[in-house]
Amino acid sequence: MDELRKKHIVQIAHNDNLINGFVVDYSADRVMILVANEFLNQAQDLKELDELEVIVFTHLGLKKMKSAVISELNNDNCLIIENSPAYPVPQKREFARVLSTIKFLIIKKDAVYNCNCVNISAGGIAFSCDDSDFQIGDTVKLKFFERDFGKDIICMADIVKRYGNVFAAKYKNLSGFDEDRIVKHVFKLMVHE
C-alpha cells in the first residue's frame, strides 16, 4: 500500500476477530504492526500465512488491502504482515473534501477580503465571502494562516464555480510542501468527524 506511513492506525480482520494497532515500520513488501494491548489475545491466535483484511487510516482516508501473516506476534507485541496494494477506489473527485470552518484572506487587485471556508481539499476550497466581486474565471491570491496549517500558506487560485454567496476556487501554484500541510489538515478533520 503506497499510502502507508509510520504511526498510521491499522485494523485487521481475521475470521470474526478485529485487531487494532499501528504501523511501527514498513517496506515495499511487509508491515510491522504494534498490536494494541486490548487486542493481544486475538493477535496471538494469528498464524503464519493466515489471510487478513486490513484497513489503514491513512492521510488520504481509509484504505483497504488483502494481506497475510508473515511473522506471528512476537515478545514486543508486534506482528509482521504482507504489504499489498490497496484496493482501487473509484472516486468522483481527485481529492477528498471535508467541511472546515477556517478563516482566510483573498487578495484581488489590492482589495483584501475576509473569507470563511465551507469545505477544503488538497485541490481547492469552497468558501463564502460577503461584499465580494468575484466572477468565474477570476485569478486571486489566497492566504491561509499559520494557526491552521503550522505556517502561512500563500498561493494563487482560479474561481471555478459560484452558488449565490458561495464560491469554489482551484489552487494554481500550490507547492508540494504546502499541499502536504493542507492534506494533513483535511485528514485531521476527517478523523475528528
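**Figure 1. Lys 108, Asp 133 and Asp 138 are joined in a network of salt bridges.** The view is taken from a predicted model. Side chains of opposite charge can pair when their charged atoms come close. Asp 138 forms a salt bridge with Lys 108, and the closest N and O atoms of the two are 2.8 Å apart. This pair connects distant parts of the chain, with Asp 138 in the loop between S10 and S11 and Lys 108 in strand S8, 30 residues apart. Asp 138 has a relative accessible area of 16% and is therefore buried. The side chains of Lys 108 and Asp 133 also meet in a salt bridge, at 3.6 Å from N to O. Here too distant parts of the chain are linked: Lys 108 belongs to strand S8 (residues 103–108), while Asp 133 is in the loop between S10 and S11, 25 residues apart. Lys 108 is buried, with a relative accessible area of 13%, whereas Asp 133, with 42%, is partly exposed.

**Figure 2. Arg 30 and Asp 29 form a salt bridge through their side chains.** The structure holds 8 salt bridges, and the one shown here has an N to O distance of 3.6 Å. Both partners can be described by their accessibility. Arg 30 has a relative accessible area of 37% and is partly exposed. Asp 29, at 41% relative accessibility, likewise counts as partly exposed.

**Figure 3. The rings of Phe 127 and Phe 167 form a stacked pair.** A pair of aromatic rings is described by the distance of the centres and the angle of the planes. A search of the whole structure finds 8 aromatic pairs. In the pair formed by Phe 127 and Phe 167, the ring centres are 5.6 Å apart and the planes stand at 25°, so the pair is classed as stacked. Phe 127 lies in strand S10 (residues 124–128) and Phe 167 in strand S13 (residues 166–171), so the pair ties together parts that are 40 residues apart in sequence. Phe 127 counts as buried because its relative accessibility is 0%. Phe 167, with a relative accessibility of 1%, also counts as buried.

**Figure 4. Phe 144 and Tyr 171 form an edge-to-face aromatic pair.** The distance from centre to centre is 6.2 Å, and the angle between the planes is 90°. The pair links distant parts of the chain, with Phe 144 in strand S11 (residues 139–144) and Tyr 171 in strand S13, 27 residues apart. Phe 144 and Tyr 171 are both buried. These two residues also belong to a cluster linked by ring pairs, which comprises Phe 104, Tyr 113, Phe 127, Phe 134, Phe 144, Phe 149, Phe 167 and Tyr 171. The stacked pair of Phe 127 and Phe 167 is thus placed in a cluster with Phe 144 and Tyr 171.

**Figure 5. A nonpolar patch on the surface is formed by Ile 9, Phe 22, Phe 57 and Leu 62.** Together, these residues have about 350 Å² of accessible area. Phe 57 is located in strand S4 (residues 51–58). With a relative accessibility of 32%, Phe 57 counts as partly exposed. Phe 22 is found in strand S2 (residues 17–26), and at 33% relative accessibility Phe 22 counts as partly exposed.

**Figure 6. Phe 22 is in contact with residues from other parts of the sequence, including Ile 9.** Neighbours within four places in sequence are left aside in this view. The contacts of Phe 22 are then Lys 7, His 8, Ile 9, Val 10, Met 32, Ile 33 and Leu 34. One of these residues, His 8, is 14 residues from Phe 22 in sequence, and the C-alpha atoms of the two are 5.4 Å apart in space. Ile 9, another of the contacts, is also a member of the nonpolar patch that includes Phe 22.

**Figure 7. Asp 178 lies in helix H3 and is in contact with Lys 151 and Ile 153.** Helix H3 spans residues 176–191. Asp 178 has a relative accessibility of 8% and counts as buried. The contacts with Lys 151 and Ile 153 are those found when neighbours of Asp 178 within four places in sequence are left aside.

Definitions and conventions: Residues numbered from 1 in each chain as written. Predicted model: local features only at pLDDT ≥ 70, side-chain atom pairs only at ≥ 80, totals over all residues. Heavy atoms only, no water. Phe/Tyr/Trp six-rings, centres within 6.5 Å; stacked < 30°, edge-to-face > 60°. Helix = DSSP H or I, 4+ residues; strand = E, 2+ residues; numbered from the N terminus. Buried < 20%, exposed > 50% of the residue type's maximum accessible area, 1.4 Å probe, protein only. Patch = residues over 30% accessible without salt bridge, like charges linked within 9 Å, V, L, I, M, F, W, Y side chains within 5 Å. Areas by Shrake-Rupley, 256 points an atom, 1.4 Å probe, with all protein chains shown as cover. Salt bridge = Lys/Arg side-chain N within 4 Å of Asp/Glu carboxyl O. Contact = heavy atoms within 4.5 Å.
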